[in-house]
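Hi everyone, thanks for making time. I'd like to talk through the charged side-chain pairs in this one, so let me put it up on the screen.

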Amino acid sequence: MKITTFNPLIVTKDSASAIALFEELGFEKRHEKEGIGINNTTDVRMKDANGFHVDVSQGTGEWMMIRMNVDNLEEAIEFLEARGFHKARHEAANKTVDTGSSKFNIMVSETGFIIAVSQHIKDHD
């Protein structure tokens with residue numbers, strides 16, 4: 001498994017305020033995807049002039065996690081599960097989310113550490 005990007009992912013009830021804050025810090029919207037997963041969320045990928053990324057998602061709660069993009073999602077899930085992680089989704093939705101441009105799973109460690117592991121299907125900046 002090769003990690004292709006690694007950055008923070010902020011899930012918040014007020015994504016517009018978080019996006020505005022990062023725009024004030026010099027980040028620009030690079031990619032926006034609507035209607036993701038069972039909660040129909042919107043995810044915005046942002047990048048600054050130094051090449052740093054942050055992703056902001058509209059959600060029902062407040063979470064901070066690491067987003068790890070990989071070249072092989074299944075291999076990454078197996079790697080994390082072998083180290084005690086489990087998929088965060090309840091049984092009825094315990095499947096990989098496919099957004100059309102990527103596929104992902106939210107993985108949770110035994111201590112509650114969260115990694116959103118994703119594989120791009122189409123290239124985006």
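**Salt bridges, one pair at a time**

Okay, let's begin with glutamate 74, which makes a salt bridge to lysine 103, with 3.4 Å between the closest N and O atoms. That pair connects distant parts of the chain: glutamate 74 is in helix H2, residues 73-81, while lysine 103 sits in strand S8, residues 102-108, and they are 29 residues apart. Glutamate 74 has 41% relative accessibility, so we call it partly exposed. Keep in mind that this is a predicted model.

How many salt bridges are there by this rule? The count is 4.

Now to aspartate 55. Its side chain meets that of arginine 45 in a salt bridge, 2.9 Å from N to O. Arginine 45 belongs to strand S3, residues 41-47, and aspartate 55 to strand S4, residues 53-58, with their positions 10 residues apart in the chain.

Aspartate 55 also forms a salt bridge with arginine 67, and here the closest N and O atoms are 2.6 Å apart. Arginine 67 is in strand S5, residues 63-70, and aspartate 55 is in strand S4, so this pair ties together parts 12 residues apart in sequence.

Buried or exposed, what is aspartate 55? Buried: its relative accessibility is 0%, and the cut-off is under 20%. Arginine 67 is buried too, at 9% relative accessible area, and so is arginine 45.

Last thing: salt bridges with shared partners join Asp43, Arg45, Asp55 and Arg67 into one network. As general background, side chains of opposite charge can pair when their charged atoms come close.

Technical notes
Residues numbered from 1 in each chain as written. Predicted model: local features only at pLDDT ≥ 70, side-chain atom pairs only at ≥ 80, totals over all residues. Heavy atoms only, no water. Helix = DSSP H or I, 4+ residues; strand = E, 2+ residues; numbered from the N terminus. Buried < 20%, exposed > 50% of the residue type's maximum accessible area, 1.4 Å probe, protein only.
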